[in-house]
Amino acid sequence: MSGRRRSRGRRFPRTVRFLRALPGYILLAVLLVFLLFPFYWTFVTSIKPQKELYGSTVTYWPTEATFDSYRKLFSEYNFIRPMLNSLLVASVTTVISLTVSLLAAYAFSRYRFRGRKFFMTLFLTNNMFPTVLLLIPLFAIMRRAGILYTPSALILSYTTFTIPFSIWLLNGYLDDLPMSLEEAAMVDGANRAQAFLKIILPMLLPCVVATGAYVFMTAWNEYTFAVMFTNEGNRTIPVALKNFIGQLGVEWGMITAGGIITIIPVCIMFFFAQKRLVEGLTAGAVKG
Amino acid sequence: MFPVAGPVAGCREIEGSAMHRRKFSPWPYLLIAPALITILAVVFFPVLNAILMSFQSYDLRRPSQIRFTGLANYATAMHDPLFWQALLKTVIWVAVGVGLQFVFGFMLALLLNRKFPGRGIVRSISLIPWVTPGVLIGLMWRWIFDGNYGVLNDLLMRLGLIHDKIPFLAQQSTAFPSVILTIIWQGIPFFALMLLAGLQGIPEELYDAASVDGANAFQRFFLITVPSLKNTIFVTTLLRIIWVANSVDVIFNLTEGGPAYSTQTLSVYVFNKGNTLNLGYASTMAILLALALALVAVPYLKKLFKAQEESR
């Protein structure tokens, strides 16, 4: 049932063990097909020629694979534009969010001060508010501040939404680094800032990168705010994808090709950051 | 927003690190100031704004008529059949969606907890739906569900389960189940990930001891696995409820709430109202949604406080 059979299973020969585990593997295969088929289907659609896409029979592999959709995406629809917009918004958000969160996480991890628990909780409640509750007033505020329809509106929003979780992740990672490391450096005459920059930051770097990957993915993927806060010139990828649904029909070739291009960077980042993100994510829940 | 778990337990206290316990130091306050100011400005200030807006007739199409109207928006909501329908849809969406995410996620976690060659790769790959943008999820499934060229119709016909193509998203009876199927697909990996981490923390000896005592697989599951994962299950389920209730992008890109509002949850309703620039009424419904979600958020935060107390 729970895979804990292996300790008992040693009493059985290999084939018996395999047969007993077989239903589990079949179930796993079914679940994986369910989870992954949509991606396969998106890819296959993106390399089908136009007439096969809307043909009378559905084909599971294109009779003539072509990258026309990708070519058209960049030549006719200038997809590079939303990609650059997304890259700008996501990169700047990542840098600001990481800097601000790192400072706060250092304070929470290394100082014991009055109101520490209150402030931590304040940060945590941040993520409890419904997205749409913030969306409406922020739209009005950004409009009054004159930054609606500029990348700043998105950068400011995404930075704020990612700060609480970044602080929490970084705080957890920092707590795992013993205080004695800095104390040794400070005994040798370094001040707090030097000790942090020279000793702690290099050791923390992989965790900072993982946290950065989370921030980047959030900003790269976000749609609800992006569609309200951008216009033609600075719309990001998610908005551009949705715009392929037009009055005259849906450009499925464009959507699927654009979709594949969109998830490749996040998948690569996720695979590298995965281990540390999962550690940070589950530390509390598992312990708790 | 990209669904990553919020904090699930209090911070850990490190022995002997309370360097600044006695002497007052402005440094920690200065260090958290940038984060604090941003959050007050971009989260708490807008929430106050929303509360104010909900008491006003605030329609950007008629900017000259913006004025306080007291509880008028709330009264409108109480008499708005679409509001009640959206609330009901939200409850079903969350209950069925999160419920089945949990069941299949748990199943996947148990299966991934076995040792087999290539487990690491399988685990990474099965998490991809979790990092996929909500827009793309909506659009990918919209294409799969398509009534004319959709692959789901083709598969079902090849298997002989149906004879005529079904316009899954275009008819009221099938649209809502279809969007729920999509959100289940999105949420399975998250539950699997969290529960798998929990499973790996259960000491093997517990199972061995139970086996010696003659417990069968079912007894081991319900007497060891489930109780050991109690906290993980509680925390992940509450978090997931909050995210799923708030989710706009998946439904909006599948159906935009249609046909005939049959897939319009409260979040989507607020979003659609916001798009028509009736911000006062949209804020009112967003606040009602927030109050409903507080039923879930408060126990979650309480748990958090308790965990923090215990770690002291």
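This tour goes through a predicted model, from a contact between chains to a pair of packed helices.

**Chains A and B.** Show both chains and select where they touch. Chain B brings 103 residues to this contact and chain A brings 96 residues. Now select residues 27–54 of chain B, which form helix α1; with 16 residues, this helix gives the most to the side of chain B that touches chain A. Colour that side of chain B by residue type: 69 residues are nonpolar, 25 polar and nine charged.

**Domains of chain A.** Hide chain B and colour chain A by domain, with domain 1 at 1–36, domain 2 at 47–76 and domain 3 at 77–287. The centres of domain 2 and domain 3 of chain A, taken over C-alpha atoms, are 35 Å apart. Where these two domains touch, eight residues of domain 2 of chain A are in contact with eight residues of domain 3 of chain A. On the domain 2 side, select α3 (50–53) and α4 (68–75) of chain A, the elements that give two or more residues. The largest share, five residues, comes from α4(A). By type, this side of domain 2 has four nonpolar, two polar and two charged residues.

**Two helices of chain B.** Return to chain B and select α3 (residues 81–112) and α11 (residues 230–246), whose axes come within 10 Å and cross at roughly 135°. The helices α3(B) and α11(B) are therefore oblique to each other, and their crossing is right-handed. Show side chains, including W93(B) and F102(B) in α3(B) and R240(B) and I241(B) in α11(B), which belong to the contact. The residues of this contact divide into seven nonpolar, four polar and one charged.

Note on methods. Residues are numbered from 1 along each chain as its sequence is written. Chains are lettered from A and ligands numbered from 1 in the order in which they are written. This is a predicted model: local features need pLDDT of at least 70, side-chain atom pairs count only at pLDDT 80 or more; totals for chains, interfaces and linings use all residues. Two residues are in contact if their C-beta atoms, placed from the backbone, lie within 7 Å. Helices (H or I, at least four residues) and strands (E, at least two) are DSSP runs, numbered from the N terminus. Ala, Val, Leu, Ile, Met, Phe, Trp, Tyr, Cys and Pro count as nonpolar, Asp, Glu, Lys and Arg as charged, and the others, Gly among them, as polar. Domain bounds come from an automatic or database domain assignment. Axes are lines fitted to C-alpha atoms, for helices over the stretch in contact, and angles run from 0 to 180 degrees between N-to-C directions. Angles under 35 degrees count as roughly parallel, over 145 as roughly antiparallel, 65 to 115 as roughly perpendicular and the rest as oblique. A crossing is left-handed if the near helix is turned anticlockwise from the far one by less than a right angle, and right-handed if clockwise.
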